Amino acid sequence: MSSKNEAVSYSVSCSNDQAAEHLQTLAQCIRKGDTQIKVGEQSIVLNFSQKVDLEIDAKVKSDKGKGKLKIEISYKTALPSDDVSQEILSLEICPAPSEQSIATQS
Amino acid sequence: MASDEQCVEYSTTCSASIAADYLRSLADRIIQGSALLQTVEQSVVLNFGSTLTFDLEAKVKPGKGKESLHLDISWKRPANTLSLESSKSAEFAVLEPENKSSIMSHKDENSAPRDSACPFLTYNGEHIKVASCPFLKPICTEASHE
């Protein structure tokens with residue numbers, strides 16, 4: 001059994017629709033429990049645990065129009081699949097208010 | 001002068017399906033162009049540009065029994081430089097391990113599925129289809145394509 005650390009990464013510049021589809025695909029893989037990610041000749045198999053650590057870090061520089069959203073999903077592969085309670089995130093993701101309504105509020 | 005930077009940080013332990021739902025919700029918001037991320041204490045409005053940079057890193061540490069998936073999505077507005085990379089034969093695949101043999105390596109753009117917004121990464125209910133993506137820029141590939 002290999003105990004070597006493995007990593008695969010890639011970077012792509014894409015449209016909103018493509019990025020969204022990318023996320024949807026990853027979501028499906030996470031739900032299914034395992035996935036293989038292949039970049040070029042390298043590939044890695046992830047066996048998602050039913051319990052994961054989710055970290056989200058969003059930064060926006062409004063004056064520069066720049067933004068970055070980091071998402072990390074990590075888990076221990078040896079965790080038992082039981083004792084997973086359905087939790088409700090206390091992080092909401094909602095439609096953004098229109099610029100007009102923001103201006104009105106301020 | 002005050003910096004016009006807003007941020008939201010959030011971490012939790014949750015079921016994988018909740019994390020998947022989050023990614024799906026985020027995908028919906030990206031399509032719509034904006035999102036409000038809100039915790040009890042912080043909130044930030046994300047106005048996505050028309051072009052995003054999507055970084056993914058997957059790590060497996062068998063010795064520690066740990067695996068992780070890192071996603072970085074960044075943008076800059078106004079994004080009037082829709083410059084999709086045209087690297088040549090990069091291949092990217094996300095699929096179930098048992099379907100390794102079903103990887104499709106499209107070298108010909110014409111053979112890639114056309115009915116998807118993301119032709120290089122489509123899901124048909126059975127497995128993830130893989131197609132060569134001219135936009136992909138692998139950054140951790142040792143092997144060179146011939």
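**Chat on a predicted two-chain model**

Visitor: In chain A, among contacts between residues at least 6 apart in sequence, what share joins residues at least 24 apart?
Guide: The share is 41%. Please keep in mind that this is a predicted model.

Visitor: Which elements does chain A contain, and in what order?
Guide: Chain A has two helices and six strands. Starting at the N terminus, the order is β-α-β-β-β-β-β-α.

Visitor: How much of chain A is buried?
Guide: Of its 106 residues, 41% count as buried.

Visitor: And helix 1 of chain A, is it largely enclosed or not?
Guide: It is largely enclosed by the rest of the structure, because 13 of its 17 residues are buried. The cut-off for a buried residue is 20 or more other C-beta atoms within 10 Å of its own.

Visitor: What span should that helix have, and what does the model show?
Guide: Helix 1 of chain A covers residues 16-32, and at 1.5 Å a residue it should span 24 Å. The C-alpha atoms at its ends are 24 Å apart, which agrees.

Visitor: What follows helix 1 of chain A?
Guide: G33(A) follows the helix, and its phi is positive, near 105 degrees.

Visitor: Changing topic: where is the largest nonpolar core centred, in terms of contacts?
Guide: That core has 50 residues, and A19(B) and L23(B) have the most contacts inside it. Its largest share, eight residues, comes from helix 1 of chain B, residues 16-32.

Visitor: What does A19(B) touch?
Guide: Leaving aside residues up to four places away in sequence, A19(B) touches I30(A), V52(A), L54(A) and I73(A), as well as C14(B).

Visitor: And K66(B), where is it, and is it buried or partly exposed?
Guide: K66(B) lies in strand 5 of chain B. It is partly exposed, because 17 other C-beta atoms lie within 10 Å, whereas a buried residue needs 20 or more. With residues up to four places away in sequence not counted, K66(B) touches S74(A), K76(A) and K61(B).

Visitor: How confident is the predictor about chain B?
Guide: Chain B averages a pLDDT of 64, and 51% of the residues score at least 70. Confidence in chain B is highest in strand 5, residues 66-76, at a mean of 95, and lowest in strand 9, residues 136-138, at 32. Over residues 79-146 of chain B the pLDDT is below 50, although this stretch has 143 contacts in the model beyond near neighbours in sequence. Where pLDDT is low, the predicted coordinates should not be read in detail.

Visitor: What scores does the complex receive?
Guide: The predictor gives the complex an ipTM of 0.75 and a pTM of 0.65.

Note on methods: Residues numbered from 1 in each chain as written. Chains lettered and ligands numbered in written order. Predicted model: local features only at pLDDT ≥ 70, side-chain atom pairs only at ≥ 80, totals over all residues. Helix = DSSP H or I, 4+ residues; strand = E, 2+ residues; numbered from the N terminus. Expected span 1.5 Å × (residues − 1). Buried ≥ 20, exposed ≤ 12 C-beta atoms within 10 Å, placed from the backbone. pLDDT = per-residue confidence, 0-100. Contact = placed C-beta atoms within 7 Å. Core = buried A, V, L, I, M, F, W, Y, C linked by C-beta atoms within 7 Å.
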